[in-house]
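Hi,

Here is the structure I promised to pass on to you. Have a look at it first, and then read my notes below.

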Amino acid sequence: MSIALAGSPAVAISLLLSFLMAVLPLPFSIQWLRPEWTAMAIIYWSVQMPWRVGVGAAWLAGLALDGIQGVTLGENAIGLVAIAYVCHMMHQRMRNFALLQQAAVVFVLVGVHLLLGPVSYTHLTLPTTIGWCGSRGGG
């Protein structure tokens, strides 16, 4: 087996599992605790095998996640592309970081994904009954 094809089933299976875990139903009160599984899978594979998983794979994974979650196309894709690019640029350095440094980098990258990406989750939107539906004027 050549180096270019090594790990292809593992990448596909881990991304499919991350898609599945991203849409598993959770109670509304703990929905904000859901980890960004797809972002962490893209980070892992971009650092582990940058020749196999890069910006293009992150774009396709983001579009697939957008389709699965039913959000506007490109919301997840742009965040995943940004973190895949950063991981691709510093994958050799990230491998040499200590465990706490790697955890801090993953924390920042997932934060970047959340800032650039999915902003229309239901737990982030305001309820529509906050005084916007009222009559104007007195009388």
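Let's start with one residue: in which helix is the place of Val106? Val106 sits in helix α6, which covers residues 99-116. Before we go further, keep in mind that this is a predicted model, so every value here is computed from predicted atoms.

Back to Val106. With a relative accessible area of 24%, this residue is partly exposed, since the buried class stops at under 20%. If you leave out residues up to four places away in sequence, Val106 touches Met40 and Ile43. Try finding Tyr44 as well: along the sequence Val106 and Tyr44 are 62 residues apart, yet from C-alpha to C-alpha the distance is 9.1 Å.

Now zoom out to the whole chain. The protein chain has six helices and zero strands, so if you read from the N terminus the order is simply α-α-α-α-α-α. There are 139 residues in the chain, and 34% of them are buried. Take the contacts between residues at least 6 apart in sequence: 63% of these join residues at least 24 apart. The accessible surface comes to about 9000 Å², and carbon and sulfur atoms account for 72% of that.

Next, the inside. Which residues touch the most other members of the largest nonpolar core? They are Ile42, Ile43, Leu80 and Met94, in a core of 24 residues. Helices α1, α2, α3 (55-69), α4 (75-89) and α6 each supply at least two residues of this core, and the largest share, six residues, comes from α2. Leu80 is a good one to click on: leaving out residues up to four places away in sequence, Leu80 touches Thr38, Ala39, Ile42, Ala58, Ala61, Gly62 and His113. Ile43 turns up twice in these notes, as one of the core residues just named and as a residue that Val106 touches.

There is also a nonpolar patch on the surface. Ile13, Leu17, Leu20, Met21, Leu24, Trp37 and Met40 make up this patch of about 600 Å². Two elements give two or more residues to the patch, namely α1 (8-23) and α2 (37-48). Helix α1 provides the largest share, with four residues. Leu17, one of the patch residues, is found in α1. Its relative accessible area is 45%, so Leu17 counts as partly exposed. Met40, also in the patch, is one of the residues that Val106 touches.

How many aromatic pairs does the structure hold? Just one. The ring centres of Tyr44 and Trp45 are 4.9 Å apart and the ring planes meet at 75°, which makes the pair edge-to-face, because planes over 60 degrees apart fall in that class. Are these two residues buried or exposed? Tyr44 is partly exposed, at 45% relative accessibility, whereas Trp45 is buried, at 12%.

One last stop is His91, in helix α5 (residues 91-96). His91 counts as buried because its relative accessibility is 16%. Not counting residues up to four places away in sequence, His91 touches Ser46, Val47 and Pro50.

Have fun turning it around on the screen, and write back with any questions.

Cheers

Key. Residues are numbered from 1 along each chain as its sequence is written. This is a predicted model: local features need pLDDT of at least 70, side-chain atom pairs count only at pLDDT 80 or more; totals for chains, interfaces and linings use all residues. Side-chain values use heavy atoms; hydrogens and water are left out. Rings of Phe, Tyr and Trp (its six-membered ring) pair if their centres lie within 6.5 Å; planes under 30 degrees apart count as stacked, over 60 as edge-to-face and the rest as tilted. Buried means under 20% relative accessible area, exposed over 50%, partly exposed in between (1.4 Å probe, protein chains only). Patches are made of residues with over 30% relative accessible area and no salt bridge: like charges are joined within 9 Å, nonpolar side chains (Val, Leu, Ile, Met, Phe, Trp, Tyr) within 5 Å. Accessible areas come from the Shrake-Rupley method with a 1.4 Å probe; for residues, only the protein chains shown count as cover. A salt bridge is a side-chain nitrogen of Lys or Arg within 4 Å of a carboxyl oxygen of Asp or Glu. Contact means heavy atoms within 4.5 Å. A nonpolar core is a set of buried Ala, Val, Leu, Ile, Met, Phe, Trp, Tyr and Cys residues joined through side-chain atoms within 4.5 Å.
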